2 protein chains.
Amino acid sequence: MTAASDTPAYQKLLDLSRELALLQDTEALLSWDQETQLPRGGVAWRAEQMAWLGGEIHRRFTREEVGEWIAACEEAGFAEDSDEDANVREWRHGFDRATRLPSSLVEEFEKTRALAKSAWAEARQASDFSAFAPHLETLVDLSRQRAENWGYEDCLYDALIDDFERGARSAELKTLFDGLRPELVAIADEALSREPFDTARLAGDYPEASQQAFNREVAEAVGFDFSAGRIDTAVHPFCTGLGPRDTRLTTRYDESDFRSSLYGVLHEAGHGLYDQGLREDCHGQPVGRAVSLGVHESQSRLWENHVGRSRAFWERWLPRAIHYFPHLEGLTAEEMTRACNQAERSFIRVEADEVTYDLHIMLRFEIETAVFGGDLAIADIPGEWNRRFEDLLGLKVDRDANGCLQDIHWSLGIFGYFPTYSLGNLNASHLHAAALAQQPEIETQLAAGDYSGLLGWMREKIHRPGSRYLPRDLVTRAAGAPATPEAHLAHLRGRYLGA
Amino acid sequence: MTAASDTPAYQKLLDLSRELALLQDTEALLSWDQETQLPRGGVAWRAEQMAWLGGEIHRRFTREEVGEWIAACEEAGFAEDSDEDANVREWRHGFDRATRLPSSLVEEFEKTRALAKSAWAEARQASDFSAFAPHLETLVDLSRQRAENWGYEDCLYDALIDDFERGARSAELKTLFDGLRPELVAIADEALSREPFDTARLAGDYPEASQQAFNREVAEAVGFDFSAGRIDTAVHPFCTGLGPRDTRLTTRYDESDFRSSLYGVLHEAGHGLYDQGLREDCHGQPVGRAVSLGVHESQSRLWENHVGRSRAFWERWLPRAIHYFPHLEGLTAEEMTRACNQAERSFIRVEADEVTYDLHIMLRFEIETAVFGGDLAIADIPGEWNRRFEDLLGLKVDRDANGCLQDIHWSLGIFGYFPTYSLGNLNASHLHAAALAQQPEIETQLAAGDYSGLLGWMREKIHRPGSRYLPRDLVTRAAGAPATPEAHLAHLRGRYLGA
């Protein structure tokens, strides 16, 4: 066992990580600015700037000597579970993935994506899957080649998932989803059979400035640090980290309904709290970096759903909402809670409520694994999609734009991404339950509008470890057991069935 | 004579220019974001990002092979007055300046600046020049060394001016200023003796949103293209170009007086129109780049003062101002024009009106040339400043903070910069007069609120040539003669004395 300070190669990797972080954060600013500020005339030049930076980051990280430094560190060996050990593990993983693709494949993939994206947009517009199918065929083929180059143990699709959820396996996801599906369908059926809340009772004006003030109050209360962050407006809400003390959220405003911007902010603030909870002293190193999408999404869903749509939340915040939107006077906290937890059958994933959402995800996961497993031809996707959709959600898909053409991901060559949304939901419920079990006082605190206990638990167990452990290990260590469907089902039963 | 396409070295320099432009525009975005968006926690990391990019740009431009490419182009020789000829001339100039400083001097200068800036801020706070004097002494000494390394013909100070105004000479500036001074003092004395407009008549509320709407209308009318630009808020207004179609202005708002934000926007829009008028196809090359500060400032002063403070402007815009600020009802265009052209004796340059402004500049120019000429010791600056200030402006300086400590420039090691402000004023008047002489219809157009004739003239004569000619040559070609004090004095007499 060697001390890291005795290994000059380790110091070189630390220096490189810092340099790459400077570049990556610059790239993130270029992107944030594009989504929130850039005049439309500036788009072409911005694309060139981002391509240059992306290329430069890749070149610097894939230099031969970087591989030699990593090998020297592996040779030296560092204490198990140390920062150094985790950093070297992740550098190796990233280096291998970045260097194993032949540049001809990288180029062809990029070229195909660029064409596929506009083909998808047109095909969705015309609701005609066949116009997109040849592009999808090529992207699936190229993705197979990528996966073959990266390597995998059991199943090719695992190599694709790994880009978004380190170490996750489709077999394990399948088990999780198989356990979740029948119960979820039952809860959804039951919730959908109940009388919905009459949302006409929320009707009225919600001026953007009032929404901003209310959202900011809520975001500050849950712990988002505005001295190290901000909220802006964007068409598609997101959260991005631009540096150790610069985390930016976005949301969008509907002046006839405050819920969209509020839950947008709470969702992105969940991501933002994770970002603000990472170790500043390790910025740019794997141990100072969020571990996966499935864990990131657990934090956003926790604050959006578990906290933000709870009865306790509205007991605390309804008076403030009425202060900003006086026409809400007369609603009770119980009614507002119902208004924010409405189950509904719908075609579109991004509009789905918490109870039907994971059914949308399972459908995509099943289609993707069938395609990459060789069990489903591209041409047969729409038929298969529609059949399964009706099974799961009880709706007959009327057109491809409302079915298999609705999401942009495939057109970007992104496969293996969707499951992380459901992992996020499962992790959120699992971690929330664990936090309450380990520190029962959190429940009382939440009822009093004190979010510090819950945030403190997440800070310690989830945020500060960064990528020290693989996502599954991190969650297991935090909660004492790996995530199962149980906690999430219990959460949904409580929220939607009052059970 | 060779065609550029026969010279591979020229193509390499074009490619390098484009790459450096991508980086410089990224650096400009980091800086714009810092002034307008950055959460305060993000400042330290941002400084590292900017230092990294600045260093990378310097490294890439000063590589030995770049010098070889330039030499190969010089060897080849291109047609006089061609893009290629001008580019090679300016690349040579920039390369020599960037490579002639030993890195020890660069480092010492940077270190001294960092210390001097905070020392200056404290000294100004305490209004104690002696606390800043040792830093200034060192910066002047290091600037001498920089100038010696760069080289000069007649006078060391010329090498410093050259950073801001290519090819300008202090002897020529001295002649200009000597011709300007007595007349300017006479106009100022006369203007200051007149009854000022009673600004209490403007008193009222000017909501920020109304100011923004009014300013935007005016900026659009003079030709600022919002599909390739935007206006934001910043403590110190500025304009910055972030790419071929991305020009950003900033201003600040005083809700008790609309003039500050309006003239801020018109000034910065003048800079912005220059930026938007540069050749997109040469972005990053010298011929696609603004030529100097003195020419840049001529464009900002033209739109701010010549256009924006004119009687014709208010004849056109007073009804719109009243629309946004109804309490202005009852004022006449003549009164509003007087309200926007008030002469006043004041200590602070940045608050000075158009007629006294250049007196502030001359004072700084005289002090700087005396210091670098060895005729004035650092310790004697306050006494000399105060004596000359009273001579020129008739006010007894009460404290160093209101005198020689007021400006930040010296603390940043910036010497030779101030004269470009007055060059900007002289050039503005000279070019405006030339445009009217060459195209008399411009005057009628301006009265009708049609700014396209004046802008078109500037586009053709000043913007599109970029850095093809040295600043003095550019102005001479545009106007038919080099700038003299005459046009500016005539402008001020007309504006302030009604003569």
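# Close-up views, one by one

**View 1. A salt bridge joins B:Glu390 and B:Lys396.** The N-to-O distance between these two side chains is 3.4 Å. To count as a salt bridge here, a side-chain nitrogen of Lys or Arg has to lie within 4 Å of a carboxyl oxygen of Asp or Glu. B:Lys396 is exposed at 63% relative accessibility, while B:Glu390, at 35%, is partly exposed. Those words have fixed cut-offs: buried is under 20% relative accessible area, exposed is over 50%, and partly exposed is in between, using a 1.4 Å probe and protein chains only.

Before the next view, a word on what you're looking at. This is a predicted model, in which local features need pLDDT of at least 70 and side-chain atom pairs count only at pLDDT 80 or more, while totals for chains, interfaces and linings use all residues. Residues are numbered from 1 along each chain as its sequence is written, chains are lettered from A and ligands numbered from 1 in the order in which they are written, and side-chain values use heavy atoms, with hydrogens and water left out.

**View 2. Chains A and B are related by a two-fold axis.** Turn chain A by 180 degrees, shift it 0.1 Å along the rotation axis, and it superposes on chain B with an RMSD of 0.1 Å. That is what a two-fold axis does. The fit is by least squares on the C-alpha atoms of residues with pLDDT of at least 70 in both copies. Both copies use the same surface, too: 100% of the contact residues of chain A turn up again in chain B. Contact means heavy atoms within 4.5 Å.

**View 3. Here is where chain A meets chain B, with 38 residues from each chain in the contact.** Together the chains bury about 3,100 Å², and carbon and sulfur atoms give 58% of that. Buried area is the accessible area (1.4 Å probe) that two parts lose on being put together, summed over both. Look for A:Leu22, A:Trp45 and A:Trp52: they supply 24% of what chain A buries against chain B, more than any other three residues. The interface also holds 8 salt bridges. B:Arg18 and A:Glu48 form a salt bridge with N and O 2.5 Å apart.

**View 4. Helix α3 of chain B (residues 64–76) has one face lined with buried residues.** Helices are DSSP runs of H or I with at least four residues, strands are runs of E with at least two, and both are numbered from the N terminus. The buried residues are B:Val66, B:Gly67, B:Trp69, B:Ile70 and B:Cys73. Seen down the helix axis, they fall within an arc of 160 degrees, so they line one face; the arc is that of the directions from the axis to the C-beta atoms. They pack against α1 (8–36), α2 (43–61) and α4 (83–99) of chain B. On the other side, B:Glu64 and B:Glu75 are exposed. With 13 residues at 1.5 Å each, the helix should span 18 Å, and its end C-alpha atoms are 19 Å apart, which agrees. The expected span is 1.5 Å times one less than the number of residues. Just after the helix comes B:Gly77, with a positive phi near 75 degrees.

**View 5. A:Arg320 and A:Glu217 form a salt bridge, 2.7 Å from N to O.** The two residues are 103 apart in the chain, with A:Arg320 in α12 (residues 311–324) and A:Glu217 in α9 (residues 208–222). Both are partly exposed: A:Arg320 has a relative accessible area of 26% and A:Glu217 has 22%.

**View 6. Within α15 of chain A (residues 381–393), A:Glu384 and A:Arg388 sit about one helical turn apart.** Their salt bridge brings N and O to 2.8 Å. A:Arg388 is partly exposed at 23% relative accessibility.

**View 7. A:Arg309 is a buried residue in the loop between α11 (293–307) and α12 of chain A.** Its relative accessible area is 16%. Leaving out residues up to four places away in sequence, A:Arg309 touches A:Tyr263, A:Glu304, A:Thr337, A:Cys340, A:Asn341 and A:Arg495.

**View 8. A:Asp81 has a positive phi of about 65 degrees, though it isn't a glycine.** A:Asp81 lies in the loop between α3 (64–76) and α4 (83–99) of chain A, and at 35% relative accessibility it is partly exposed.
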